[in-house]
Every structure is written in structure tokens, then in C-alpha cells.
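The following exercises are to be worked through with the sequence and the model at hand. Each task is followed by a solution in steps.

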Amino acid sequence: MLAVQQRDNKDSIRKAASKKQKSPRNKQSSNNDLLDYSFREISNDKFSEFASKVTPRSGPKPTEEEKVSVKGVKLNNNSISDISELPSVLATVVSNIEEITSLDLSFNCITKLPDSISQFPGLKMLYLHGNNISDLRCMSHLGKLPNLINFTVHGNPIETSQNADFKWYTLAHAPNLKSLNFTGLSKSDRAQALRFREALGRRRDDGMSDED
């Protein structure tokens, strides 16, 4: 019953997102700026041979011998559970991953946002909705993405009543965000996030963890 409910929830999120979501392709100057690996049945098992075994649906065609220069990468609607090694994986096909500004990882099985996300410092848009992220603390890694302005994480277990401060914790670590879960942020949101960030700082100064 739980599995059916989770599948239904993801289906409803997918339908809602399709209405709101603007594809990274629309934000780029041409198809050559985007590598589209969506709906390719990609799992972590394929990471070791990504350059040679996985072909993008559209965009430039990288090879083991020749990498490409792109601004956006779509890996949505696959079966990826761990993105810790994603920077090194994409580095096998993209000439400079620091130039990537949009990364769509929605509708996978990702369980956490790793520290290695910092290897994409140019990210302006990061989609993680429809995954299995449950640990609020991993949102602190957003602070290592200074250019991030558009972030989604709805449809993850992290959005439960047990994480009542989810929104403020996220915004406290990503103060430059303009949109969270496809919703623009108000001055009131920013003021509340600032107060929350200051409170977190005081707790840490007192030797307390974010969970205390």
C-alpha cells in the first residue's frame, strides 16, 4: 500500500511539474548547450562506463575521445540513487563541469545531496523534486553553490511534518535563491530565513548541532 501511495504521489508531482517546469533547453541559446540523458534507464551501475555506454537523447554527442562544452544537463526520470560521484562521471563527457548552470535530477531515487555538489559552482538551477531525500542536514551543502537561484526538492520525504523548519533551513543555507519549488520568494521569506540563519549560528557557537 505504501509503495502504491508513493508511486501515486510521484505521478501527481510529475504532472504538476510538467505544467510549471521550464526545461533547461528553453533557457539555453541552442540545443548544443544541453545534454539530455532523461528517460535513459540510467542507474549507478552505468556510471563506470558512462561516456562509452550512455548516449544522450539530444544535444552534442560526446565520445570517450572528445568531450563537449554545455551549460545544462538533464538526468531526470532515471534510477540514480547516489550522486556523490556525479561530478567525476560528467567530467568524462563535459569539458568543464564548472560551466554547467542547470542540472535536472528530478524523478530519480536520490537519497541525499552530497558535499560533492560543490564541484558544480556555476549551478543556477538544480531540480531534485520527486526523489527520496529525507535528511534535512544535507541541505546545508546548498551553501556551496553561490550562484543557485532556482531549486526544487518537493516530493521528497524531507517535506514531512517532522521537518517543520525545512523551508527556513533550506533558505538559510541558500540565501541567493529566488525560487523554491517553482514558487518565488518574498521579502518576508527572506527576512524569516535570515532570522533562522542567525539562530543557527548562535546554536553552533554554543556547541549545539542542527538537530539539538
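A salt bridge is counted where a side-chain nitrogen of Lys or Arg lies within 4 Å of a carboxyl oxygen of Asp or Glu. The model is a predicted one, and every distance and accessibility below is computed from it.

**Exercise 1. Salt bridges**

Task: Determine how many salt bridges the rule gives, and examine the pairs formed by Arg 137, Lys 144 and Lys 167.

Solution.

Step 1. Applied to the model, the rule yields 4 salt bridges.

Step 2. Arg 137 pairs with Asp 135, with 3.1 Å between the closest N and O atoms. This distance satisfies the criterion because the limit is 4 Å. Arg 137 has a relative accessible area of 41% and is partly exposed; Asp 135, at 29%, is likewise classed as partly exposed.

Step 3. Lys 144 pairs with Asp 115, and here the closest N and O atoms are 2.0 Å apart. The two residues belong to distant parts of the chain, 29 residues apart: Lys 144 sits in the loop between β4 and β5, and Asp 115 in the loop between β3 (102-104) and β4. Lys 144 is partly exposed at 35% relative accessibility, and Asp 115 is partly exposed at 40%.

Step 4. Lys 167 pairs with Asp 189 at a closest N to O distance of 3.1 Å. This pair also links distant parts of the chain, since Lys 167 belongs to helix α5 and Asp 189 to helix α6 (residues 187-205), 22 residues apart. Lys 167 has 29% relative accessibility and is partly exposed. Asp 189 has 12% and therefore counts as buried, the cut-off being under 20%.

**Exercise 2. The cover of helix α5**

Task: Establish how many residues of helix α5 are buried, and set this beside the buried share of the protein.

Solution.

Step 1. Helix α5 spans residues 166-173, and 7 of its 8 residues are buried.

Step 2. The buried residues are Phe 166, Trp 168, Tyr 169, Thr 170, Leu 171, Ala 172 and His 173.

Step 3. Lys 167 is absent from that list; with 29% relative accessibility, Lys 167 is partly exposed.

Step 4. In the protein, which has 212 residues, the buried share is 46%.

Step 5. For the context of the helix, the secondary structure comprises 6 helices and 7 strands. Read from the N terminus, their order is α-α-β-α-β-α-β-β-β-α-β-β-α.

**Exercise 3. Positive phi angles**

Task: For Phe 39 and Glu 41, which are not glycines, state the phi angle, the place in the chain and the accessibility class.

Solution.

Step 1. Phe 39 has a positive phi of about 55 degrees, and Glu 41 also has a positive phi of about 55 degrees.

Step 2. Phe 39 is found in the loop between β1 (34-36) and α3. Glu 41 likewise lies in the loop between β1 and α3.

Step 3. Phe 39, at 49% relative accessibility, is partly exposed. Glu 41 reaches 64% and is therefore exposed, as the class begins over 50%.

**Exercise 4. A buried asparagine**

Task: Is Asn 131 buried or exposed, and which backbone oxygen does its side chain reach?

Solution.

Step 1. Asn 131 is located in the loop between β4 (125-127) and β5 (150-152).

Step 2. Its relative accessibility is 1%, so Asn 131 is buried.

Step 3. The side chain of Asn 131 reaches the backbone oxygen of Leu 128 at 2.9 Å.

**Exercise 5. A negative patch and a buried glycine**

Task: Identify the residues of the negative surface patch, then contrast the accessibility of Glu 66 with that of Gly 72.

Solution.

Step 1. The patch consists of Glu 49, Glu 64, Glu 65 and Glu 66.

Step 2. Glu 66 lies in the loop between α3 (50-53) and β2 (72-74). With a relative accessible area of 56%, Glu 66 is exposed.

Step 3. Gly 72 belongs to strand β2. Its relative accessible area is 0%, so Gly 72 is buried.

Step 4. Gly 72 and Gly 59 are 13 residues apart along the chain, and their C-alpha atoms are separated by 10.0 Å.

Definitions and conventions
Residues numbered from 1 in each chain as written. Predicted model: local features only at pLDDT ≥ 70, side-chain atom pairs only at ≥ 80, totals over all residues. Heavy atoms only, no water. Patch = residues over 30% accessible without salt bridge, like charges linked within 9 Å, V, L, I, M, F, W, Y side chains within 5 Å. Areas by Shrake-Rupley, 256 points an atom, 1.4 Å probe, with all protein chains shown as cover. Lys, Arg positive; Asp, Glu negative; His and termini not counted. Charge placed at Lys NZ, Arg CZ, Asp CG, Glu CD. Helix = DSSP H or I, 4+ residues; strand = E, 2+ residues; numbered from the N terminus. Buried < 20%, exposed > 50% of the residue type's maximum accessible area, 1.4 Å probe, protein only. Polar contact = N/O pair within 3.5 Å; in protein donor to acceptor, adjacent residues only side chain to side chain.
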